[in-house]
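User: Please take a close look at one part of this model, chain B. I want its overall build and the side that touches its partner.

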Amino acid sequence: MAEMYYWEAIRRAHDEELANDINVIVMGEDVGVVGGTYKATLGLYQKYGENRVIDTPISENSFCGIGIGASMAGLRPIVEIMSINFALLALDTLINAAAKIRYMSGGRVSCPMVMRTPGGTAHQLAAQHSARLARLFMSTSGLRVVTPRSPLDAYGMLKSAVRCNDPVIFIEHERMYNMREEVPDKEFFRPLEGAEVVRRGTDITLIGYNLSLQLCLEAAKRLEKDGVSAEVIDLRSLKPLDRETIRRSVEKTHRVLVAEEDEASVGVGSEIITTVIEECFFALDAQPMRIHAADVPVPYAENLEKAAIPDADDVYRGALSMLGRA
Amino acid sequence: MNAADQKRLLREMTFFRRFEERAFEAYMEHKIGGFLHLYIGQEAVATGVLEMARRGHDYVITGYRDHVHAMKAGAPPREVMAELYGKETGSSRGRGGSMHIFDPNAKFMGGYALVGEPFPLAAGLALACKYKKTDQIAICFLGDGANNQGTFHETMNMASLWKLPVLFVCENNLYAIGTRIDRSTAVTDQYKRVCGYNIPSSQHDGQDIEIVMDSAKKAVDHVRSGKGPYFIEYLTYRLRGHSMSDKTAAYRSKEEEQQWQRRDPLKVYADKLKKAKVLTDDDIKEMEREIHEEIENEVIKFAENSPAPRVEELNKYVLDDNPDPRWIGPLQNTYQ
């Protein structure tokens, strides 16, 4: 067992899946010679060659389309989009093609491909490099959307994503690439479906995914010092959503707060709270709460960016106010 | 080419024409819904090009005007008609309809409504062929209108750069729905547009199937030999409207339509074969009678008598219906 950075975990999953299956290829901008903007494919071009780790031109919609076409003919491409902002250019091939081909062919053709991308705000990258957009893919039938919270999950889930027969949108986070965690040396897989109770508690349920899950965990630690027992749920898979785990937790704690880094409207929090209302409305002792970004394009200035994006303190204060202790 | 093949090709094109005319009737009877885009007038292109490909071996992909490409690639006509009828026995199990015929047995990888989307998908199919070192190629049929999409330029660049075995067939029918090509496109000769990507290309008459076949053979051979993509343009004409509701009078003249009627690919070929004494008017009559019977007795009857998809199966085919729990889970939580 060794500590591993998030980017190293992603790189290891690539390496093992490339070694395991000759049908696995990697495509994207600077994934080859350079080894990936976030080092997720470092050294793999040198190890597996240019036919398997393919540097593409800056043509997101078409190189995603090429990945999709290759998957229809039996390959298992892992396509990297350098930033989720650029994935907007590829929505035609991802949403109109990858998400729909299995259905509109009556199950006769499938697209087993993975589109990996970092989604989230980093540090002062301004509006066109700070998109989150998980909600956009989460609202699309025919896709799987997963958001690994840590190196361990990133490694195990990427390996599962490569082997699964559906198109998977795999959303990482720029501020998580240097996060470290112990990862077993022996190969393992983490299933794509199912939310996970990552901390047990009785007074309130905090729900998050990728970076916002980390905010929930940090807030839960602080709440503990105040005598509040917070349960923390990692959604892990935004689509399909694990409604059962959410319901069981809220039935126990009677309070729910959802943290997301995105703007609130028509977002992950909206969906989770609707789920709670549909599943267990009468279990609630307080109005559900969303902790989310301000409804603005992400600003550049450091103080404005900080004000726009939620942090662990926001989650902590939100939870206290819900418990009537703020 | 021998007389038997010539007769067969005329029969195939005639079959495709009558198939679509019969689909039009069924549409007017409300047995077919949605959009219905007919290929009438362009049959020599798909029939001629795919005659030069290996059926069930080479990948074929196209836009929404896809019935004839699917059938010539090898999709059974009765399954294509059943798809138009929205039946469970259809090519896409009634989930796709006219614009989304799929038949992986024929390596027909779909019709797509997004103009320009098949370009990268075709390049991806070709990338897989090259990667696996098979002798397959991918053939992508699209209209002139698709060449104004960004995917055209992005894909031409990558296909050329990576020498992918893909044949791009441009069916230039002069109109993007109702906008004439010179009103939408700065360079109207489409084959010239790929020279910026170092892709060899040529332009040919698309109404004479033997001209189509001769030119397609060279293009297919080029692509299969590993020299990279080829772009071939055929000048052709859609004799009907873009779809059922399009009346054409708003954007093109009667004279122009009549001029192209005289170059109807069925008429061009029938005249040629009669002149060469390959067949007579009586042979054609007999052929038409056989086609009529085949369409009514095998194609239409099958479509009409097939069951509709079951509503209980609405959610089938969204994701893999039998996923491997090792990768999918779900993750087990223990509750307290």
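Analyst: What follows covers the fold of chain B, then its contact with chain A, then the domains of chain A.

The model is predicted. Chain B holds twelve helices and eight strands. Its radius of gyration is 21 Å, close to the 20 Å that the globule rule gives for 336 residues, so chain B is as compact as a globular protein of that length. The C-alpha trace of chain B spans about 85 × 50 × 45 Å along its principal axes. Of the 336 residues in chain B, 50% are buried. Take the contacts in chain B between residues at least 6 apart in sequence: 74% of them join residues at least 24 apart.

Now the contact between the chains. Chain B gives 43 residues and chain A gives 50 residues. On the chain B side, four elements give two or more residues: strand S2 (108-111), helix H5 (118-131), helix H6 (150-161) and helix H12 (325-328). H5(B) supplies the largest share, ten residues. By type, this side of chain B has 24 nonpolar, twelve polar and seven charged residues.

The partner has its own internal contact. Chain A is assigned domain 1 (2-183) and domain 2 (196-322). Their centres, taken over C-alpha atoms, are 26 Å apart. Here 22 residues of domain 1 of chain A are in contact with 23 residues of domain 2 of chain A. On the domain 1 side, helix H6 (134-138) and strand S6 (144-146) of chain A each give two or more residues. That side of domain 1 divides into ten nonpolar, six polar and six charged residues.

Methods. Residues are numbered from 1 along each chain as its sequence is written. Chains are lettered from A and ligands numbered from 1 in the order in which they are written. This is a predicted model: local features need pLDDT of at least 70, side-chain atom pairs count only at pLDDT 80 or more; totals for chains, interfaces and linings use all residues. Two residues are in contact if their C-beta atoms, placed from the backbone, lie within 7 Å. Ala, Val, Leu, Ile, Met, Phe, Trp, Tyr, Cys and Pro count as nonpolar, Asp, Glu, Lys and Arg as charged, and the others, Gly among them, as polar. The radius of gyration is taken over C-alpha atoms; the globule rule is 2.2 Å times the number of residues to the power 0.38. A residue is buried if 20 or more other C-beta atoms lie within 10 Å of its own, exposed if 12 or fewer, and partly exposed in between; C-beta atoms are placed from the backbone. Domain bounds come from an automatic or database domain assignment.
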